[in-house]
There are 2 protein chains.
Amino acid sequence: MDLGSVVGRMRGRGYKATPQRVAVLEALGADQHQSMEELRGRCPEVGLVTIYRTLDLLGRLGLVRRLDLGDGPRYELAESHHHHLICESCGDISEFEECPLDVERLPLQNSGFEASSHSLEVYGRCAVCQ
Amino acid sequence: MDLGSVVGRMRGRGYKATPQRVAVLEALGADQHQSMEELRGRCPEVGLVTIYRTLDLLGRLGLVRRLDLGDGPRYELAESHHHHLICESCGDISEFEECPLDVERLPLQNSGFEASSHSLEVYGRCAVCQ
DNA sequence: TCGCTAACTGAAACTCTTTTTCGTTTATGA
DNA sequence: TCATAAACGAAAAAGAGTTTCAGTTAGCGA
Ligand SMILES: [Mn+2]
Ligand SMILES: [Mn+2]
Ligand SMILES: [Zn+2]
Ligand SMILES: [Zn+2]
């Protein structure tokens, strides 16, 4: 999803496409899974409060996902369904799209639970840290 | 794992089995996935700082797991490997032990990543909330 | 059983993150 | 260009968790 269509979508819903919001979007595009500190470093001209408010807005628009992986929130553009490999040694986070969930084995038949989404994180050691 | 063996394990490692720690353990035993607020309510005679310190200690001993499911940390006794069904309507959290992960489909062969654990949460609507 | 002491507790102070407030500024449509 | 609802950001407030430190105690050894 390119920046132009995001701007269009915002205006369509009555939100303004301000320079600050565009700056936050560009910061988000620079890398996945960034902490607030990293995002701030990528758009230092934007006030902290505005970054929080923009992340909240983009979250409500379904464009940004907030991750709670254990040491503080991280944010990523919600492009496509994927999961994470997290290195417990260096903290590196990588992604994979192939979903290893065996839906047959989800215990939903009898429970009456209707699943709509899921999150999966695999922890271990990355190639570098072996 | 019963309370007596936990006390024994603590003493074996040089930790004291204080009334406060026992109270926190009993609070944890009353229900899974409790918030700090719920835990406090279950052992109001224990100071807040001591609850935090006890949860930290039990975590290091591998007896307690901290969950980050989206609205504040929750704590549970780490009895056995299991996953969670989370109702996005009423917030109810239920557990299942049957692991629906198809290990064959984990993209680890070529990546050099060595997996040691994983967490999986399924979101949706529980039977009551349909 | 008693006394010693390292371990522990908890009130208060502190730190860090996030939210709220509110006066000023601005993007956008008419 | 103008009006105005939307947005910005500095400052203050709120909230969650941590550190400090003086007093207390569990548990071991005599
Ligand atoms: Mn990701
Ligand atoms: Mn659980
Ligand atoms: Zn690594
Ligand atoms: Zn429900």
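How do the residues of the surface near DNA strand C divide into nonpolar, polar and charged? I will come back to that once the conventions are clear. What we have here is a predicted model, in which local features need pLDDT of at least 70 and side-chain atom pairs count only at pLDDT 80 or more, while totals for chains, interfaces and linings use all residues. Residues are numbered from 1 along each chain as its sequence is written, chains are lettered from A and ligands numbered from 1 in the order in which they are written, and side-chain values use heavy atoms, with hydrogens and water left out.

To the opening question, then: the surface near DNA strand C has 8 nonpolar, 5 polar and 7 charged residues, where Ala, Val, Leu, Ile, Met, Phe, Trp, Tyr, Cys and Pro count as nonpolar, Asp, Glu, Lys and Arg as charged, and the others, Gly among them, as polar. A residue is called near a strand if one of its heavy atoms lies within 4 Å of it, and on that criterion 20 residues surround DNA strand C, the closest being A:R11, A:Y52, B:T18, B:R21 and B:R53. Of the strand C atoms within 4 Å of the protein, 62% belong to sugar or phosphate, and the rest belong to bases.

For individual polar contacts, the definition is a pair of N or O atoms within 3.5 Å; within protein, one must be able to donate a hydrogen and the other to accept it, and residues adjacent in sequence count only if both atoms are side-chain atoms. On strand C, a polar side-chain atom of B:R21 lies 2.5 Å from a phosphate oxygen, a backbone N or O atom of B:K16 lies 2.7 Å from a phosphate oxygen, and a side-chain N or O atom of B:Q20 is 3.1 Å from a sugar or linking oxygen. As for the elements involved, helices (H or I, at least four residues) and strands (E, at least two) are DSSP runs numbered from the N terminus. At least two residues each of the surface near DNA strand C are supplied by α4 of chain A and by α2 (19-30) and α4 of chain B, and the largest share, 4 residues, comes from α4(A).

Turning to DNA strand D, 19 residues surround it, and the closest are A:T18, A:R21, A:R53, B:R11 and B:Y52. Sugar and phosphate make up 65% of the strand D atoms that come within 4 Å of the protein. Phosphate oxygens of strand D lie 2.5 Å from a polar side-chain atom of B:R11, 2.6 Å from a side-chain N or O atom of A:T18, and 2.8 Å from a side-chain N or O atom of A:T50. Two or more residues each come from α2 (19-30) and α4 (48-60) of chain A and from α4 (48-60) of chain B, and by class this surface has 7 nonpolar, 5 polar and 7 charged residues.

Next, the relation between the protein chains. Chain B is superposed on chain A by a rotation of 180° with 0.1 Å of shift along its axis, at an RMSD of 0.1 Å, the fit being by least squares on the C-alpha atoms of residues with pLDDT of at least 70 in both. The two copies are therefore related as by a two-fold rotation axis. The chain B residue that comes closest to this axis is B:L120, with its C-alpha at 2.2 Å. With contact meaning heavy atoms within 4.5 Å, 100% of the interface residues of chain B are also interface residues in chain A, so the copies meet through the same surface.

Within chain A there are 4 helices and 6 strands, which follow the pattern α-α-β-α-α-β-β-β-β-β along the sequence.

Finally, the metals, for which donors are N, O and S atoms within 2.8 Å of the metal (3.2 Å for Na, K and Ca), and since water is not among the atoms, sites may look incomplete. The zinc ion (ligand 3) has as protein donors the SG atoms of A:C87, A:C90, A:C126 and A:C129, lying 2.2 to 2.5 Å from it. Its site is tetrahedral, with angles of 101 to 118° among the 4 donor atoms; four donors count as tetrahedral if all angles lie between 85 and 135 degrees. A:C87 lies in strand β4 (residues 83-87) of chain A and A:C126 in the segment after β6 (114-125), so the pair ties together parts that are 39 residues apart in sequence.

The manganese ion (ligand 2) has as protein donors B:H33 (NE2), B:E76 (OE), B:H82 (NE2), B:H84 (NE2) and B:E95 (OE), lying 2.0 to 2.2 Å from it. B:H84 lies in strand β4 of chain B and B:E95 in strand β5 (residues 93-96) of chain B, so this pair ties together parts that are 11 residues apart in sequence.

Notes
Four donors count as tetrahedral if all angles lie between 85 and 135 degrees; four count as square planar and six as octahedral if opposite donors are over 155 degrees apart and all others between 65 and 115; anything else is irregular.
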